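Subject: Structure handover

Hi,

Here is the structure you asked about. Please open it first, then read my notes below.

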Amino acid sequence: MAISGTGNLHRALSGYRCSRSAMVWSLVGLLLLLQLYSLASRRNVVRGDIQLHVSRHPLVRELEQVEEENIQVPPPKKKKSPHAAKRRRKRSANLIDEFLDENSQIRHVFFPDMKSAVDPVKGVENGSHHYYPGKIWLDTEGNPIQAHGGGMLYDERSNTYYWYGEYKDGPTYRAHKRGAARVDVIGVGCYSSKDLWTWKNQGIVLAAEQTNETHDLHKSNVLERPKVVFNAKTGKYVMWMHIDDANYTKASVGIAISDYPTGPFEYLRSQRPHGFDSRDMTIFKDDDGVVYLIYSSQDNSELHIGPLTDDYLDVQPDMRRILIGQHREAPALFKYQGTYYMVTSGCTGWAPNEALAHAAESIMGPWETMGNPCIGGNKMFRLATFFAQSTFVVPLPGIPGSYIFMADRWNPAELRNSRYVWLPLIVGGPPDRPLEYNFGFPPWPRVSIYWHKKWRLPPSWKVSK
Ligand code: GAL
């Protein structure tokens, strides 16, 4: 009995210990569950809200379709020297090298010829309205559109879109042996459209200076990435652009002004904003009418952001350094449900590289990097932003969370023959990866840019009246 009594006691004690540890573990489990639940519900509050608006929108599903690209890299060309052959094999293994090789056998994949040009006049007859990223895109007079590094203005006074960009229809050359490929400045091209697809050439709205070599706009200099906004207070259209010399040492922004979206724009001056070097840049107009200048600075190692004055003709002293040490350029900003987003490229000149999406609750920062927004194509396409570089993001009113991502497929061998890559960009879905600031997943949805060989805006989408 004593033995069995001790046994009972043991059993009772171990049962007690068991149930105590079970209780402790249950409590820990419960706490963990509670924590997980609160995290999940916090995220759902934000994301569920967006999904409701975005993923269920039938027009968005149409834009989200992706296409794969199966590109065969051609075998190496015959070379006499075995070393050259080895080099060649190594090089051709990489699609970016193939893209940059003017003599590549698959050049037509990246730069389809005039035979496949997209012609809006014929297209309208066929009811087409399809975008073909990378194909030559003709204006209503049948000429290739010249609006590189461009930006879009929606003019509410005329219910018209204006596309401004670098008019690069001149010979490509290098100012000196190690200089970047360039085209003399011709000016800023402007095209107008009611449907974002049929573009009428409105001519050169800001022209280069032909004789005065000390003028910022002298043809031997650099004018890139022009962007235009309308100032409701002054009634003026204001253009900001990157102004440089052929060696990119002037690193300034230029400002021009006009009474009409179609110009002519009067060039006012250039400046180094906040006293800093400024190369790739853009401007962004917020809902409250405040316009911000965003530019790559400190030798492209970081971006700077700050508001413009009320007349949009100067910067205010307030400026924040963002994405410090990240070496980003070609910024393109947009806003969705109170959050600011930005797509940028890396700094590899005319060569394509990986895009990144960033987000911020306040436009002045902090900005967090979310990851590569590109979806579809193939891995190399995604790692090279579909062989293009960001320039602008156009909102599509009426389709919440949907935008057109505007990018340039540069052709450094013949810059005038660079192409446009326009693709649907959607805000929605879970983010790519945990971020630095909040030690976990941010409340922001993913930014996705979907590859399509051919796509169109939903036929029911109309320019708002
Ligand atoms: C890129 C930049 C372009 C142009 C080019 C010149 O990095 O985004 O706008 O400046 O360099 O090589």
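A polar contact here is a pair of N or O atoms within 3.5 Å. Keep that cut-off in mind for the ligand. Note also that this is a predicted model.

**Ligand site**

By that cut-off, D280 makes a polar contact: a polar atom of its side chain lies 2.5 Å from an oxygen atom of the ligand. E329 does likewise, with a side-chain N or O atom 2.3 Å from a ligand oxygen. For E224 the corresponding distance is 2.6 Å, again from a side-chain N or O atom to an oxygen of the ligand. On its own, the ligand has 310 Å² of accessible area, and the protein covers 91% of that.

Which residues surround the ligand? The list runs A180, E224, R225, Y248, D280, E329, G349, W350 and Q389.

**Confidence**

The protein chain has an average pLDDT of 86. A score of at least 70 is reached by 79% of the residues. Two stretches need care. Residues 1-9 have a pLDDT below 50, and this stretch has one contact beyond near neighbours in sequence. Residues 36-56 are also below 50, but there the model has 28 contacts beyond near neighbours in sequence. Where pLDDT is low, predicted coordinates should not be read in detail. Please treat those contacts accordingly.

**Sheet β7 to β10**

This is an open sheet of four strands. The order is β7-β8-β9-β10, and the pairing is antiparallel. Why do β7 and β10 each have one side without a neighbour in the sheet? They stand at the edges, β7 at 222-231 and β10 at 266-271, and each has a single partner strand, so one side of each is left free of a neighbour in the sheet. From one strand to the next, the twist averages 20°.

β7 pairs with β8 (residues 236-244) in the antiparallel sense, over eight bridges. In that pairing, N231 stands opposite K236 in β8. Residue E224 of the ligand surroundings falls within the 222-231 range of β7.

There is a cis peptide bond in this region too. It joins G263 and P264, with omega about 0°. P264 sits in the loop between β9 (252-258) and β10.

**Sheet β15 to β18**

Here is another open sheet of four strands, ordered β15-β16-β17-β18 with antiparallel pairing. Its edge strands are β15 (329-336) and β18 (368-371), each pairing on one side only. The twist averages 30° from one strand to the next.

How many bridges link β17 and β18? Three, in the antiparallel sense, with β17 covering residues 356-360. A357 stands opposite G371 in β18.

The loop between β17 and β18 holds P366. A cis peptide bond joins G365 to P366, and omega is again about 0°.

**Backbone check**

Most residues other than glycine have a negative phi, and most peptide bonds are trans. That is the background for the two cis bonds, G263 to P264 and G365 to P366. It is also the background for D299, a residue other than glycine whose phi is positive, near 55°. D299 lies in the loop between β12 (291-297) and β13 (302-307).

**Where to look**

If time is short, go to the ligand site and start with E224, D280 and E329. Then view P264, P366 and D299.

Best wishes

Technical notes:
Residues are numbered from 1 along each chain as its sequence is written. This is a predicted model: local features need pLDDT of at least 70, side-chain atom pairs count only at pLDDT 80 or more; totals for chains, interfaces and linings use all residues. Side-chain values use heavy atoms; hydrogens and water are left out. Two strands pair if DSSP finds at least two bridges between them. Helices (H or I, at least four residues) and strands (E, at least two) are DSSP runs, numbered from the N terminus. Axes are lines fitted to C-alpha atoms, for helices over the stretch in contact, and angles run from 0 to 180 degrees between N-to-C directions. pLDDT is the predictor's confidence in each residue, from 0 to 100. Contact means heavy atoms within 4.5 Å. A residue is near a molecule or strand if one of its heavy atoms lies within 4 Å of it. A polar contact is a pair of N or O atoms within 3.5 Å; within protein, one must be able to donate a hydrogen and the other to accept it, and residues adjacent in sequence count only if both atoms are side-chain atoms. Accessible areas come from the Shrake-Rupley method with a 1.4 Å probe; for residues, only the protein chains shown count as cover.
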